[in-house]
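Please open the structure in your viewer and keep the selection tool at hand. The tour below proceeds one stop at a time, stating what to select and what is found there.

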Amino acid sequence: MDFTLLLLTSLLSFLLGYLRYRFTYWELRGIPQLRPHFLFGHFFRLQSVHLSELLQETYDAFRGSAKVAGTYVFLRPLAVVLDLDLVKAVLIRDFNKFVDRRSFHGDTLTANLFNLQGEEWRALRTKLSPTFTSGKMKYMFGTVSSVAKQLGGTFDELVGSQGAVLELHDLMARYTTDVIGSCAFGTGCNSLRDPQAEFRQVGRRLFQNSNRSIRWRIFRMTYLSSLVKLGLPVRIFHPDITKFFNRIVSETVELREREQIRRNDFMDLLLDLRRQENGKGLTMEQMAAQVFVFFVAGFETSSSNMSYALFELAKNQDVQQKLRMEINDSLAKHGKITYEAMMEMPYLDQTITETLRKYPALSSLTRLASEDYEIPSPDGGDPVVLEKGTSVHIPVLAIHYDPEMYPEPHEFRPERFAPDACRERHPTAFLGFGDGPRNCIGLRFGRMQVKVGLITLLRRFRFSLPPGSPTQLKVTKRNVILLPSEGVRLQVDPVESRLM
Ligand code: HEM
């Protein structure tokens, strides 16, 4: 009995000693940290899967007094970058020391561009980059605008001549699902016509709110690679999802090769890569993994951007009116929606950027230090060192709401992104698509599908807040992407004088 008690006491002391040591990781390296609870660390500050509360608290506590601060997710130390010059160094200047994100491998779909590391990532990024040039976007413009036409038709039916209150987030997701589906597979996914279409169902499953607790999900994401290494049965994607993407890709490839079909879309460009190097350019599995990541990274980010933009335009009628006038002027000049007409709408561009400032898809960008990295002290003292293997977070949401960069940050003002205003701000003050060699590869495509969708809707419909509806949107805590948690319900009315 005495021995058992002694053993338990020793184990407890060891555990407490270890936790105490672990939670001084940052202090021991001269980097400030929010005071963690001696037993629970920052457990109770972990309120959302995207960690935005923890990052915001760290930013608010140390911004201005340090270039970098430390925090903890369970036992893992995270470095939070607070200084925009250091953000620029991590993402751009010293990118070679921060190439990777912390990622996990297992399922074939995880061998995608977002997840890959080191040389594998570099080689694939080089191969895929030509797929997303402005020239290639021009080719795909026709496909995007024909899906946008269907979006307009769906709205015509739902809104009628009397107007209606619509939940827009699902409608926008159906539009972007059909766009990505058409550009990636050349098949009509048909989810605008049929909300239960297979692609839309897969999309819903990928982003559905899991019933598991938020802290369990953060734990799983933080330690996934370790759990896999321990041989624990951790599933990354449901086997049905993997099967679905493998099947769709192999069917599409087979059809295109058999019928000699060419559509100048993502699939054609991936097929060109596959044929390079005598068929060794890209394997079928690699193709499926890339199509999967284009789908996952491409439809929810763009559809939530469109929903947030329409919500802000409904709240800010003067901005909506100014934007509609710009759209009508450009379309009057060009006669119809063309790539060139779209490119001549600077206020639309600013509106989308301001929407991404207020509602970035990712609340933080993450990188992994591949070697020890010295950060000079602001006051000429000893430098601090981020050790090799440290997870580095750039707190995008906190930066986008910093009143020093964006006065009255809760106000929606597209004028903040007029060229002169941008020149006066730090180049990394806006991070809606990340930055540097590992930024969003689909930026141009994402912007294009959002623009074509918004042009189609705003020229024909007026958006306003239904009486008594909330003037702030709630954002989900259960997803890595910042999505509206309860949809976006707006009053939609036909614009009286249409320009067809
Ligand atoms: C409005 C729409 C979009 C937003 C807001 C968005 C945002 C982002 C952000 C913030 C990142 C991380 C960048 C970084 O770490 O520096 C990213 C990465 C990525 N995005 Fe997007 N994205 C959008 C649309 C798309 C589309 C349409 C595609 C594909 C068709 C796409 C594919 C990717 C991929 C593959 C990566 C990983 C790049 C790499 O690691 O090399 N995204 N995106």
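**The largest cavity**

Select T301, S304, N305, Y308, L356, Y359, P360, A361 and L482, the residues that line the largest cavity. Please note before going further that the model is a predicted one. The volume of this largest cavity is about 40 Å³. Now colour helix α12, residues 284-315: with four residues, this helix supplies the largest share of the lining. How many residues of this lining are nonpolar, polar and charged? Six are nonpolar and three are polar, while no charged residue takes part.

**The second largest cavity**

How many cavities of 30 Å³ or more does a search of the whole structure find? The search finds two. To view the second largest cavity, select S52, L55, Q56, S363, P395, L397 and A398, which form its lining. Two elements, α3 (52-62) and α16 (396-400), each give two or more residues to the lining of this second cavity. Of the elements involved, α3 gives the most, with three residues. The space in the second largest cavity is about 30 Å³. Sorted by class, its lining has four nonpolar residues, three polar ones and no charged ones.

**The loop before α3**

Next, select the loop between α2 (25-28) and α3, where L51 is found. The phi angle of L51 is near 60 degrees, which is a positive value in a residue other than glycine. Is L51 buried or exposed? The relative accessibility of L51 is 10%, and because a residue under 20% counts as buried, L51 is classed as buried.

Within the loop between α2 and α3, select S48 as well. S48 has a relative accessibility of 0% and therefore counts as buried. Add A297 to the selection and display the distance between the two C-alpha atoms: S48 and A297 are separated by 20 Å, and they lie 249 residues apart along the chain.

A further positive phi value can be inspected at E408, a residue other than glycine, where the angle is near 45 degrees. E408 is found in the loop between α16 and α17.

**The iron atom and C440**

Display the ligand and select its iron atom. Which residue is the only protein donor of this iron atom? The donor is C440, through its SG atom, at 2.3 Å. Trace the chain on both sides of C440: the residue is placed in the loop between α17 (419-424) and α18 (443-458).

**Two strands that pair with β9**

Select strand β8, residues 461-464, and show its side chains. Which residues belong to the covered face of β8, and which to the uncovered one? F461 and F463 make up the covered face, and R462 and S464 the uncovered face. Now add strand β9, residues 489-494: β8 and β9 pair in the antiparallel sense, over four bridges. Within this pairing, V492 in β9 is the residue that stands opposite F463.

Keep β9 displayed and select strand β3, residues 164-167. The covered face of β3 holds A164 and L166, whereas V165 and E167 are on the uncovered face. β3 is also paired with β9 in the antiparallel sense, again over four bridges. Here L166 stands opposite L490 in β9.

**A residue in α9**

Move to helix α9, residues 214-229, and select T222. With a relative accessibility of 12%, T222 counts as buried. Select V73 as well: the C-alpha atoms of T222 and V73 are separated by 7.7 Å, although the two residues are 149 apart along the chain.

**The whole protein**

Finally, clear the selections and display the entire protein as a cartoon. How many helices and strands does the protein have? The secondary structure comprises 18 helices and nine strands. The radius of gyration is 24 Å, close to the 23 Å that the globule rule gives for 500 residues, so the protein is as compact as a globular protein of that length. Taken along the principal axes, the C-alpha atoms fill a box of roughly 85 × 55 × 45 Å. Of the 500 residues in the protein, 52% are buried.

Conventions:
Residues are numbered from 1 along each chain as its sequence is written. This is a predicted model: local features need pLDDT of at least 70, side-chain atom pairs count only at pLDDT 80 or more; totals for chains, interfaces and linings use all residues. Side-chain values use heavy atoms; hydrogens and water are left out. Donors are N, O and S atoms within 2.8 Å of the metal (3.2 Å for Na, K and Ca); water is not among the atoms, so sites may look incomplete. Buried means under 20% relative accessible area, exposed over 50%, partly exposed in between (1.4 Å probe, protein chains only). Two strands pair if DSSP finds at least two bridges between them. On a 1 Å grid over the protein atoms alone, a cavity is a set of points where a 1.4 Å probe fits but cannot get out, and a pocket is an open set with protein on both sides within 12 Å along at least five of seven lines; lining residues have an atom within 4 Å of a point. Grid points are joined across faces, edges and corners, and a volume is the space filled by probe spheres set on the points. Ala, Val, Leu, Ile, Met, Phe, Trp, Tyr, Cys and Pro count as nonpolar, Asp, Glu, Lys and Arg as charged, and the others, Gly among them, as polar. The radius of gyration is taken over C-alpha atoms; the globule rule is 2.2 Å times the number of residues to the power 0.38.
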